[in-house]
Amino acid sequence: MIRRISLAAIALLIAVPLAAQAPAGLQLRLDRSTNAEDPDDVPDVTVTRSGDGFRVRTGPAVTAWNSDNTAMGTYTLSGTFTLLEPSSHVNYYGLVYGGRELEGSGQSYLYFLVAQDGSYLVKHRAGNETTHDIQGRTPHSAVAAADANGRSVNALEVRVGTDATDFVVNGVVVHTAPKAGMAAGTDGIWGVRVNHVLPAILVEGLGVTQ
């Protein structure tokens, strides 16, 4: 069965800033930069519908999810991310899975992201301040870097198996992590994360096959 995120609410809020509220069915959590040397250069996050997908622009970083979208056991989470306009410096975007308590201080989730420089990372977030590297920033030839026009397309998959999770970019397994320790908590909410100051990321085909 394939479950895909609903865009009905997003269509009602085209180009409306979402820093203060999220549309019904799509919840947003903003993470504002506290680094004076790397500030958020626009105050809000916007989501606009684009065909069967949606386009995200960030000032603050954002995690976006529908609380009805959960996956348990073995499953594949996938989505295609098109960088339409790069950040002024390297920032990451991609898939969130295994989410719990995403609205509160006890938030926990795993995430698999790529960046405009052709690298990827896999991390675990525990609470508001703490993240753990499962696989730190790693260049890989399977990750499409931004071209001369600042564009790239990367199809991402998180293939959660019984004993391990494969992380896939454009059909290539770039990393495999045992389902142990911080990488074990794969049951939960799924969605996307777009880090800060990314002017235009198009998300398409977001869904779970279970």
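In this predicted model, V197 is found in the loop that joins β14 (188-194) to β15 (200-209). Its backbone has a positive phi of about 45°, although V197 is not a glycine. Is this residue buried or exposed? V197 has a relative accessible area of 7% and is therefore buried, since the cut-off for that class is under 20%.

A second loop residue invites comparison. N170 is found between β12 (164-169) and β13 (172-178). N170 is likewise not a glycine, yet it has a positive phi, of about 50°. The relative accessibility of N170 is 35%, so this residue counts as partly exposed; that class lies between the limit of 20% for buried residues and the limit of 50% for exposed ones.

From the loops, the reader may turn to the strands. An open sheet is formed by 7 strands, in the order β2-β5-β14-β7-β8-β9-β10, and their pairing is antiparallel. Which strands stand at the edges? They are β2 (27-31) and β10; each has a single partner strand, so one side of each is left without a neighbour in the sheet. From one strand to the next, the twist averages 20°.

One pairing within this sheet can be followed in detail. Strand β7, which covers residues 92-100, and strand β8, which covers residues 108-115, pair in the antiparallel sense over 7 bridges. At one position, G94 has L113 in β8 as its bridge partner.

The edge strand β10 covers residues 130-139 and includes T138. The relative accessibility of T138 is 18%, and T138 therefore counts as buried. With which side chain does the side chain of T138 make a polar contact? The partner is the side chain of Q135, at 3.0 Å. A polar atom of the T138 side chain also lies 2.7 Å from the backbone oxygen of G136. When neighbours within four places in sequence are left aside, T138 is in contact with G118, S119 and Y120.

Finally, the nonpolar residues of the interior deserve attention. The largest nonpolar core has 40 residues, and of these L77 and F112 touch the most other members. Another core, of 10 residues, lies apart from it; among its members are W65, Y111, L113 and A115. L113 thus appears in two settings: it is a member of this core of 10 residues, and it is the bridge partner of G94.

Note on methods. Residues are numbered from 1 along each chain as its sequence is written. This is a predicted model: local features need pLDDT of at least 70, side-chain atom pairs count only at pLDDT 80 or more; totals for chains, interfaces and linings use all residues. Side-chain values use heavy atoms; hydrogens and water are left out. Helices (H or I, at least four residues) and strands (E, at least two) are DSSP runs, numbered from the N terminus. Buried means under 20% relative accessible area, exposed over 50%, partly exposed in between (1.4 Å probe, protein chains only). A polar contact is a pair of N or O atoms within 3.5 Å; within protein, one must be able to donate a hydrogen and the other to accept it, and residues adjacent in sequence count only if both atoms are side-chain atoms. Contact means heavy atoms within 4.5 Å. A nonpolar core is a set of buried Ala, Val, Leu, Ile, Met, Phe, Trp, Tyr and Cys residues joined through side-chain atoms within 4.5 Å. Two strands pair if DSSP finds at least two bridges between them. Axes are lines fitted to C-alpha atoms, for helices over the stretch in contact, and angles run from 0 to 180 degrees between N-to-C directions.
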